[in-house]
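Open the model in a viewer and keep the sequence panel beside it. The stops below are given in the order in which to select them.

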Amino acid sequence: MITVFKEVGKEVIKTDYESADNLEVESGSWIHISEPDAETIEKISKLTSISNELLLCALDDEESARIDTDDGDTLIVLDTPLVEDEENSIYTTVPFIIGYNRSYYVTICKYNVELITELFKRVKVVEPHKHVRLTLYLVYRLATLFINYLKKINAHTEVLENKLRNSTKNKELLELMDTNKTLVYFSTALNADKGVLSRLLRSQTYKKFESDFDLMEDTEVEMDQAIEMCSIYRNILSGMMDAFASVINNNMNIIMKTLAAVTIVISLPTLVASIYGMNVTNMPLANNPYGFWIILAICVVFAIIGTVILVLLGNGRRNK
């Protein structure tokens with residue numbers, strides 16, 4: 001899918017195209033491509049005169065965040081979050097490509113991410129022909145997108161924490177491991193994006209527009225906040241996983257102790273019943289008409305005595 005954003009007066013007109021065959025673009029337009037292939041990227045490269053080699057980076061899932069320039073063309077690669085399982089707050093990161101020259105602005109992502117939607121939802125005035133400001137807006141919204149997802153991850157972690165308090169299973173612990181993996185992806189992506197942003201803010205191209213200075217500062221603050229939140233949540237989650245691994249072991253130990261106590265209590269009357277189950281003559285109470293009930297009473301008494309002893313021993317250890 002190809003979407004062209006063109007500024008007409010003070011409004012941005014959005015036009016969708018299924019392919020690049022009938023694509024019409026004017027100077028100053030912004031072209032966004034989702035789920036691209038090599039052929040589409042090549043056609044866009046010819047239409048905009050942006051290096052095809054630079055734009056093809058969008059097809060590499062392992063492309064790292066960076067900035068590159070080639071004969072007037074600028075390439076910016078950012079790592080953006082992608083939802084894998086929203087219900088369980090599992091996310092990953094994928095490359096988001098920004099490429100532009102004097103006339104055209106192109107963004108490409110191999111997957112459908114929320115960054116473009118988030119941009120138009122939050123930014124009142126989008127000006128496709130102002131490449132520096134548009135790039136800063138994208139980076140700013142990228143940072144806020146990370147923050148929104150981090151808040152969802154934190155909320156999901158609290159739910160898992162409540163479940164783990166009395167759990168003896170590994171399901172919740174495995175979910176925490178998936179969440180921790182997401183935070184690792186986020187931490188790596190945010191630090192890489194921070195490096196890209198720092199380079200942009202140091203470049204003369206971005207320093208020459210005084211009207212963008214406030215946006216530059218806000219973008220840097222938002223990115224730092226996302227990095228700090230990710231670091232805090234990751235540290236908390238790491239400690240939580242260690243703590244709850246011990247909690248699960250302790251819960252299992254309590255269950256095993258209870259089962260062991262029940263086994264001991266049952267073994268006492270079982271011992272009596274086993275003795276009287278032997279094929280031996282002249283057993284005590286063998287000829288007594290109430291022998292069965294007397295033996296049963298003895299078994300019950302032994303069971304009660306065993307239970308009382310175990311309870312007293314348990315209370316004694318707790319008091320110590």
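Select I33 and I108: I33 stands opposite I108 in strand 7. Helices (H or I, at least four residues) and strands (E, at least two) are DSSP runs, numbered from the N terminus. The model is predicted, so local features need pLDDT of at least 70 and side-chain atom pairs count only at pLDDT 80 or more, while totals for chains, interfaces and linings use all residues. Residues are numbered from 1 along each chain as its sequence is written, and side-chain values use heavy atoms, with hydrogens and water left out.

**Strand 7 and its partners**

Extend the selection to strand 3 (residues 30-34) and strand 7, which pair in the parallel sense over 5 bridges. Two strands count as paired if DSSP finds at least two bridges between them. On strand 6, pick I97, which also stands opposite I108. F96 has C109 of strand 7 as its bridge partner. Strand 6 and strand 7 (residues 105-109) are antiparallel, with 5 bridges, and they form a hairpin with 4 residues between them.

Now colour strand 7 by accessibility. Of its 5 residues, 5 are buried, where buried means under 20% relative accessible area, exposed over 50%, and partly exposed in between (1.4 Å probe, protein chains only). Y105, T107 and C109 point one way from the strand, and V106 and I108 point the other way.

**Strand 6 and strand 5**

Move to strand 6 (residues 90-100). 11 of its 11 residues are buried, so strand 6 is largely enclosed by the rest of the structure. Strand 5 (residues 73-85) runs antiparallel to strand 6, and 11 bridges join the two. For a marker on this pair, select T80, which stands opposite V94 in strand 6. Then go to the hairpin of these two strands, which has 4 residues between them: S89 takes a positive phi near 55 degrees there.

**The whole sheet**

Zoom out and show every strand. In what order do the 7 strands of the open sheet lie? The order is 2-1-3-7-6-5-4, and the pairing is mixed. Strand 2 (11-17) and strand 4 (66-70) are the edge strands, each pairing on one side only. Ignoring direction, neighbouring strands are turned by 20 degrees against each other on average.

Select strand 1 (residues 2-8) next; it pairs with strand 3 in the antiparallel sense over 4 bridges. V4 stands opposite I31 in strand 3. Add helix 1 (residues 38-48), which lies across strand 1, strand 3 and strand 7 and runs at about 175 degrees to strand 3. Helix 4 also packs on the sheet, touching strand 3, strand 5, strand 6 and strand 7, and its direction makes about 20 degrees with that of strand 5. Axes here are lines fitted to C-alpha atoms, for helices over the stretch in contact, and angles run from 0 to 180 degrees between N-to-C directions.

**Helix 4 and its neighbours**

Select helix 3 (residues 115-122) with helix 4 (residues 131-164). Their axes are 9 Å apart and the packing angle is about 105 degrees. Helix 3 and helix 4 are therefore roughly perpendicular; angles under 35 degrees count as roughly parallel, over 145 as roughly antiparallel, 65 to 115 as roughly perpendicular and the rest as oblique. From helix 3, L115, I116, E118, L119 and R122 meet residues of helix 4 including L134, Y137 and L138. Contact means heavy atoms within 4.5 Å.

Replace helix 3 with helix 5 (residues 171-202). The axes of helix 4 and helix 5 come within 11 Å and cross at roughly 160 degrees. That makes the two helices roughly antiparallel. By class, their contact divides into 18 nonpolar, 5 polar and 4 charged residues. Ala, Val, Leu, Ile, Met, Phe, Trp, Tyr, Cys and Pro count as nonpolar, Asp, Glu, Lys and Arg as charged, and the others, Gly among them, as polar.

**Last stop: P128**

Select P128, in the loop between helix 3 and helix 4. Is P128 buried or exposed? P128 counts as buried because its relative accessibility is 0%. Beyond its neighbours within four places in sequence, P128 is in contact with F5, E7, V12, G28, S29, W30, Y105 and L134. To end, pick I266 as well: P128 and I266 are 138 residues apart in sequence and 80 Å apart in space, C-alpha to C-alpha.
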